[in-house]
Amino acid sequence: MTTIFSKIISKEVPADIVYEDEFALAFLDINPVQPGHTLVIPKTPSIDGLVCGPEDLARLIVIGQKVGLALKEVVQCDGINFIMNNGEAAGQEVFHTHLHVIPRFSDDGAFEEPIVGEYEEGEATSLADTLATTIKN
């Protein structure tokens, strides 16, 4: 499937590239949350992080860490978000695996109104037990 990201990889569409190797490409998001907001994508297409190979997913995080460290130095941010939206319901818009690396600042208001919920008594323990038995090593 052709996406805007595959066109960026093939250089059919320009992008402000900050990192490239044989495996991945990192470039500035055209609609940044903050200046420096970067997307890290594998050159081998996969729809999202749930179907991306585990080794490829690990490489994205390693590159994301490099980008994050550079962002902390260059834009003098206070923190970094690593975000990956997997599926339309999670906010994914481009169906090519990608990691958002977003600089954050203490005063940017990002977490002023967090979504807070509570579990019913015993619900968290039950859910954790079910997840633990479902997760495959």
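**Group meeting talk: a five-stranded sheet and helix α2**

In this structure, L28 stands opposite T38 in β3. I begin with that pair since it leads directly into the sheet. Please bear in mind throughout that we are looking at a predicted model.

Let me stay with T38 for a moment. On β5, the residue opposite T38 is V101. Strand β3 covers residues 38–42 and β5 covers residues 99–104; the two run antiparallel and are joined by 3 bridges. Between β2 and β3 there are 5 bridges, and that pair is antiparallel as well.

How are the strands ordered across the sheet? The order is β1-β2-β3-β5-β4, in an open sheet of 5 strands with antiparallel pairing. At the edges lie β1, residues 17–20, and β4, residues 79–83, each of which pairs on one side only. From one strand to the next, the twist averages 20°.

I turn now to the edge at β1. A hairpin of 3 residues leads from β1 to β2. These two strands run antiparallel, with 3 bridges between them, and Y19 has A26 of β2 as its bridge partner. Strand β2 itself is mostly covered, since 4 of its 5 residues are buried.

The next element is helix α2, residues 54–74. Its 21 residues should span 30 Å at 1.5 Å a residue, and the end C-alpha atoms are indeed 30 Å apart, so the expected and modelled values agree. Which residues of α2 are buried? They are L60, I63, G64, V67, G68 and L71. Viewed down the helix axis, these buried residues fall within an arc of 155°, and therefore they line one face of α2. On the other side of the helix, P54, E55, L69 and E73 are exposed. As for what covers the buried residues, the list includes β1, β2, β3, β4 and β5. Just after the helix, Q76 adopts a positive phi of about 55°.

This brings me to the nonpolar cores. The largest has 10 residues, namely F23, A24, A26, V40, L60, I63, V67, L71, L99 and V101. At least two residues of this core come from each of β2, α2 and β5, and α2 gives the most, with 4 residues. Two members have already appeared in this talk: A26, the bridge partner of Y19, and V101, which faces T38.

A24 is another member of that core. Neighbours within four places in sequence aside, A24 is in contact with Y19, I41, P42, K43 and I63. There is also a second, separate core of 7 residues, among them F5, L25, F27 and L39. As a general point, side chains in a regular strand alternate between the two faces of the sheet.

I close with a residue outside the helix and the strands. Where does D48 lie? D48 is in the loop between β3 and α2. Is D48 buried or exposed? With a relative accessibility of 11%, D48 counts as buried, because the cut-off for that class is under 20%. Setting aside neighbours within four places in sequence, the contacts of D48 are N86, G87, Q92 and T97.

To summarise, the predicted model shows an open sheet of 5 strands with antiparallel pairing. Helix α2 has buried residues that line one face, and α2 gives 4 residues to the largest nonpolar core.

Conventions:
Residues numbered from 1 in each chain as written. Predicted model: local features only at pLDDT ≥ 70, side-chain atom pairs only at ≥ 80, totals over all residues. Heavy atoms only, no water. Pairing = 2+ DSSP bridges. Axes fitted to C-alpha atoms, helices over the stretch in contact; angles between N-to-C directions. Expected span 1.5 Å × (residues − 1). Buried < 20%, exposed > 50% of the residue type's maximum accessible area, 1.4 Å probe, protein only. Arc of directions from axis to C-beta. Contact = heavy atoms within 4.5 Å. Core = buried A, V, L, I, M, F, W, Y, C linked by side-chain atoms within 4.5 Å.
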